[in-house]
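Me: I would like to go through this protein model by question and answer. Please keep each answer brief and formal.

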Amino acid sequence: MKTLPKTSTHLNVCGSNFFKLRKLLQDFKGPGKSFEKSVSKNEKVLIKFNLLSKTKHTLTYEVKHIHPEDSLNDFIIRFCVFIDAKMVEVISFQGEKPFPFYIKNKSVLQSSDEKHQQNTFFFDLLENLLTFAEEIIE
């Protein structure tokens with residue numbers, strides 16, 4: 001399959017997200033999973049993965065980052081797991097969906113690489129969770 005330089009980076013991030021997520025969610029078994037991390041002596045952050053829908057080839061999840069002391073650090077990411085393509089792609093961040101590529105309205109205040117930024121942010125979240133989860137699981 002021929003890939004362009006712009007799409008190849010995006011495909012690499014989405015492919016990496018699949019394998020990281022599969023390890024975190026233990027091959028996508030069960031309706032979800034929660035992680036808790038201490039950020040200080042009295043503060044803990046909760047990260048919850050919830051399965052929203054399931055079909056033969058796709059799973060749709062939502063991950064919530066809940067910081068009880070500082071709601072400015074809370075966020076919600078919805079993402080789709082493509083089992084047959086072994087890819088995970090963010091479909092919504094904080095309820096905002098990126099515009100499809102075919103909408104050419106320049107008056108919309110949205111960066112052209114928002115989709116890539118969302119997937120890269122999700123990549124970093126999964127990377128940090130994997131480091132953190134290995135401490136919890138073992």
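Me: Is Leu11 buried, partly exposed or exposed?

Reply: This is a predicted model, in which local features need pLDDT of at least 70, side-chain atom pairs count only at pLDDT 80 or more, and totals for chains, interfaces and linings use all residues. Residues are numbered from 1 along each chain as its sequence is written, and side-chain values use heavy atoms, with hydrogens and water left out. Buried means under 20% relative accessible area, exposed over 50% and partly exposed in between, with a 1.4 Å probe and protein chains only. Because its relative accessible area is 29%, Leu11 is partly exposed.

Me: In which helix is the place of Leu11?

Reply: Helices (H or I, at least four residues) and strands (E, at least two) are DSSP runs, numbered from the N terminus. Leu11 lies within residues 5–24, which form helix H1.

Me: Which are the edge strands of the open sheet?

Reply: Two strands pair if DSSP finds at least two bridges between them. The open sheet has five strands in antiparallel pairing, ordered E1-E2-E3-E4-E5. Pairing on one side only marks the edge strands, E1 (32–38) and E5 (87–93).

Me: Which element gives the most to the largest nonpolar core?

Reply: A nonpolar core is a set of buried Ala, Val, Leu, Ile, Met, Phe, Trp, Tyr and Cys residues joined through side-chain atoms within 4.5 Å. The largest one has 24 residues, and Leu21, Phe49, Phe79, Val81 and Phe122 have the most contacts inside it. Elements giving two or more residues include H1, E2 and helix H2 (114–137). With six residues, the element that gives the most is H2.
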